Amino acid sequence: MNQTVQIRFPKNIHLAIKREDLLHPYISGNKFRKLKYNVQEAQRQGKTMMLTFGGAYSNHIAATAAAGKEYGLKTLGVIRGEELTGKVNDNPTLSFARDCGMEFEFVTREAYRQKTEETFIETLRQKFGDFYLVPEGGTNSFAVKGCEEILTPDDTGFDYIACAVGTGGTISGIANSAEDHQKVLGFPALKADLSADIAKFAIKDNWQLITDYHFGGYAKTDESLIAFINDFYAKTNIPLDPVYTGKTVFGVIDMIENGYFPEGSRILVIHTGGLQGIAGMNKQLHKKGLLTIKT
């Protein structure tokens, strides 16, 4: 569903949000798209467990746990930070995943950096048995295939498609399915050059990364972003998360106001979900005595 943003913008620019966050109550946004064909592939291979990786408040961990519960697969989350052992009850994301049946393996940050190495993965197989491996963030060819289904024929009237970028799977799928006249703008949520990762899967060169709106890095924020998210929600009744889509919408509107887009441009922002992470972010903001996100 595309929801028009009822805010008057200069140069007669039209902005809409594709509400992918409403696809599923727990497997939300791009995680639904990324997991769709991975779950099917796990079932095709006869696997009974999916293993994946993530941090303390990972949308991917929560969505994988929910998908496992819904489709009858065991799930195992390899979690960055052994200090989280015994603290699941204090973490909204991990407690939700546990309640969906996910088991956890908490590892040090040093060990976590080995997550793509075959020796580390083989160690996990020896400990937990056979499993279907879903990469951190969910990005692989099956995820990109799912993300190619985000755009529909109803979206051909838009000139620009904007989305948050984490591991590159979502923007790759969108770029592959975008029309020739459409420009795909990716807003990285972290300080890193993701071009090479996207180029592995994107078959077109119709995309561009806008790197000015990461707010200091992954999961970093400030009061200007939180205030923007709260103001946008008050004006539009569209909730935004502070890690991904909040930064993207902030960036798009800032670019509109600074004349980046031509007269009469039609812009579609993909809401990639991630709203489950707000509870965890608010806990951190509250501890610091900072403004929190209204829900």
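By class, seven nonpolar, six polar and two charged residues make up the lining of the second largest pocket. The model described here is predicted. The second largest pocket holds about 230 Å³ of space. Its lining comprises 15 residues, and P25, Y26, S28, L275 and Q276 are the closest to the pocket centre. Two helices also take part in this lining: α2 (59-71) and α3 (92-99) each supply at least two residues.

Helix α2 has a second role in the layout of the chain. The chain leaves strand β3, passes through α2 and enters strand β4; M50 of this path stands opposite T75 in β4. This β-α-β crossover, from β3 through α2 to β4, is right-handed. The two strands that the crossover connects, β3 (residues 49-54) and β4 (residues 74-80), run parallel and are joined by six bridges.

Both strands belong to an open sheet. Four strands form the sheet, in the order β5-β4-β3-β6, and the pairing is parallel. The edge strands are β5 (103-107) and β6, each of which pairs on one side only. On the β5 side, five bridges join β4 to β5, and these strands run parallel. Within this pairing, V78 has E105 in β5 as its bridge partner. On the β6 side, two bridges join β3 to β6 (residues 132-133), again in parallel. M50 stands opposite Y132 in β6. M50 also stands opposite T75 in β4. The residue thus has a named partner in β4 and another in β6.

Strand β3 is mostly covered. Six of its six residues are buried. The cover extends to both faces of the strand. On one side lie M49, L51 and F53, and on the other M50, T52 and G54; all are buried. M50, placed opposite Y132, is therefore among the residues under 20% relative accessible area, the cut-off for burial.

Outside the sheet, A202 was examined in its loop setting. A202 is found between α8 (195-199) and β9 (207-209). Is this loop residue buried or exposed? A202 has a relative accessible area of 13%. Burial requires a value under 20%, so A202 counts as buried. Its contacts, leaving aside residues up to four places away in sequence, are with S172, N176 and W207. I267 lies 65 residues from A202 along the chain, and the C-alpha atoms of the two are separated by 21 Å.

Two loop residues have a positive phi although neither is a glycine. For K11, phi is about 60°. K11 is placed in the loop between β1 (2-4) and β2 (14-18). Its relative accessible area is 32%. This value falls between the 20% limit for buried and the 50% limit for exposed, so K11 is partly exposed. For A219, phi is positive at about 65°. A219 sits in the loop between β9 and α9 (223-236). At 33% relative accessibility, A219 also counts as partly exposed, because the value lies between the two limits. Strand β9 thus borders the loop of A219, and β9 also borders the loop of A202.

Key:
Residues are numbered from 1 along each chain as its sequence is written. This is a predicted model: local features need pLDDT of at least 70, side-chain atom pairs count only at pLDDT 80 or more; totals for chains, interfaces and linings use all residues. Side-chain values use heavy atoms; hydrogens and water are left out. On a 1 Å grid over the protein atoms alone, a cavity is a set of points where a 1.4 Å probe fits but cannot get out, and a pocket is an open set with protein on both sides within 12 Å along at least five of seven lines; lining residues have an atom within 4 Å of a point. Grid points are joined across faces, edges and corners, and a volume is the space filled by probe spheres set on the points. Ala, Val, Leu, Ile, Met, Phe, Trp, Tyr, Cys and Pro count as nonpolar, Asp, Glu, Lys and Arg as charged, and the others, Gly among them, as polar. Buried means under 20% relative accessible area, exposed over 50%, partly exposed in between (1.4 Å probe, protein chains only). Two strands pair if DSSP finds at least two bridges between them. A crossover is right-handed if, with the strands pointing away from the viewer, the path from the first strand over the helix to the second runs clockwise. Contact means heavy atoms within 4.5 Å.
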